[in-house]
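Okay, thanks for coming, everyone. I'll walk you through one chain today, so have a look at the screen.

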Amino acid sequence: MASKYLDGAMVPRRVTRHVDHRSEPRFEAEAQTAVLELRGRRHIVELVNVSASGAMFIFSLIPYIGETIRLELGERGQVSGSVCWVRDGKIGVSFSGPVD
C-alpha cells in the first residue's frame, strides 16, 4: 500500500554525509520541549535541536512535507514554519522567519 506521506524510507540517502553544509549553528535542545500546533491541535514535542532558521523535534505523527506548523519555543516565543523532512520519528522544520 503506497503512503501519501513522504518520509525518509521513501527517499533513501545513497551517500553518507561527512560534512555539515548548514549555514548556521544548531543548538542542542536536550530535555527541552515545545508546543506544536498542527491541523488545529496542540501537541507537546521533544526538541532535538534549534537554529535561527529551523528545528528538529521528535513527534509520533507524520505531517505532510510542506505542511505549515506553529511552534511555541518557550522564551523564544512562537514561530511559524513548514515541514522539510520526516524520518524515523523526527521532523525537520524550516521557520518562516529568523528566531533569536
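So, to start with, what share of the 100 residues of the chain counts as buried? The figure is 32%. Before I go on, please keep in mind that this is a predicted model, so everything I quote is computed from that model.

Let's do the overall layout. The chain has seven strands and zero helices. If you read along the sequence, you just get β-β-β-β-β-β-β. On the contact side, take the contacts in the chain with a separation of 6 or more: 45% of them are between residues 24 or more positions apart. And the surface? The chain exposes about 7000 Å², with 50% of that supplied by carbon and sulfur atoms.

Now the strand pairing, at the C-terminal end. Which way do β6 and β7 pair, parallel or antiparallel? They go antiparallel, over six bridges. If you want a spot to look at, find serine 82, which stands opposite serine 94 in β7. The two strands make a hairpin with two residues between them, and aspartate 88, in that turn, has a positive phi of about 50°.

β7, which covers residues 90-95, has another partner too: five bridges join it to β4, again antiparallel. There, isoleucine 58 has lysine 90 in β7 as its bridge partner.

While we're in this region, let me point out tryptophan 85. It sits in strand β6, residues 78-87. Is tryptophan 85 buried, partly exposed or exposed? Its relative accessibility is 35%, so tryptophan 85 counts as partly exposed. Leaving out neighbours within four places in sequence, tryptophan 85 contacts Met56, Ile65, Lys90, Ile91 and Gly92. Take isoleucine 65 from that list: it is 20 residues from tryptophan 85 in sequence, and their C-alpha atoms are 6.1 Å apart in space.

Okay, salt bridges. How many does a search of the whole structure find? It finds three, and I'll go through them one by one.

One of them is between the side chains of arginine 39 and glutamate 67, at 2.7 Å, N to O. Arginine 39 is in the loop between β2 (33-38) and β3 (41-50), and glutamate 67 is in the loop between β4 and β5, so this pair ties together parts that are 28 residues apart in sequence. The two ends differ in exposure, if you check them in turn. Arginine 39 has a relative accessible area of 46%, so we call it partly exposed. Glutamate 67 comes in at 15% relative accessibility, and therefore counts as buried.

Let me stay on glutamate 67 for a moment. To place its loop exactly, β4 is 54-58 and β5 is 68-72. Besides the arginine, the glutamate 67 side chain reaches the backbone nitrogen of tyrosine 64, at 2.8 Å. If we again skip neighbours within four places, glutamate 67 is in contact with Leu38, Arg39, Gly81, Ser82 and Val83. Notice serine 82 in that list; that's the residue I showed you opposite serine 94.

And from the arginine 39 side, here's one more distance. The C-alpha atoms of arginine 39 and arginine 70 are separated by 9.8 Å, and these residues are 31 apart along the chain.

On to the next salt bridge, glutamate 72 with arginine 42, where the closest N and O atoms are 2.6 Å apart. This pair also links distant parts of the chain, with glutamate 72 in strand β5 and arginine 42 in strand β3, 30 residues apart. As for exposure, glutamate 72 has a relative accessible area of 22%, so it is partly exposed.

Then there's the salt bridge between the side chains of arginine 87 and aspartate 88, at 3.7 Å, N to O. You've met aspartate 88 already, as the turn residue with the positive phi. How exposed is aspartate 88? With 72% relative accessibility, it counts as exposed. Arginine 87 has 44%, so it counts as partly exposed.

To wrap up, here's what I'd like you to take away. It's a chain of seven strands and zero helices, with β7 pairing antiparallel to β6 and to β4. And there are three salt bridges in the whole structure, including the one where arginine 39 meets glutamate 67. Okay, over to you for questions.

Methods: Residues numbered from 1 in each chain as written. Predicted model: local features only at pLDDT ≥ 70, side-chain atom pairs only at ≥ 80, totals over all residues. Heavy atoms only, no water. Helix = DSSP H or I, 4+ residues; strand = E, 2+ residues; numbered from the N terminus. Buried < 20%, exposed > 50% of the residue type's maximum accessible area, 1.4 Å probe, protein only. Polar contact = N/O pair within 3.5 Å; in protein donor to acceptor, adjacent residues only side chain to side chain. Contact = heavy atoms within 4.5 Å. Salt bridge = Lys/Arg side-chain N within 4 Å of Asp/Glu carboxyl O. Areas by Shrake-Rupley, 256 points an atom, 1.4 Å probe, with all protein chains shown as cover. Pairing = 2+ DSSP bridges.
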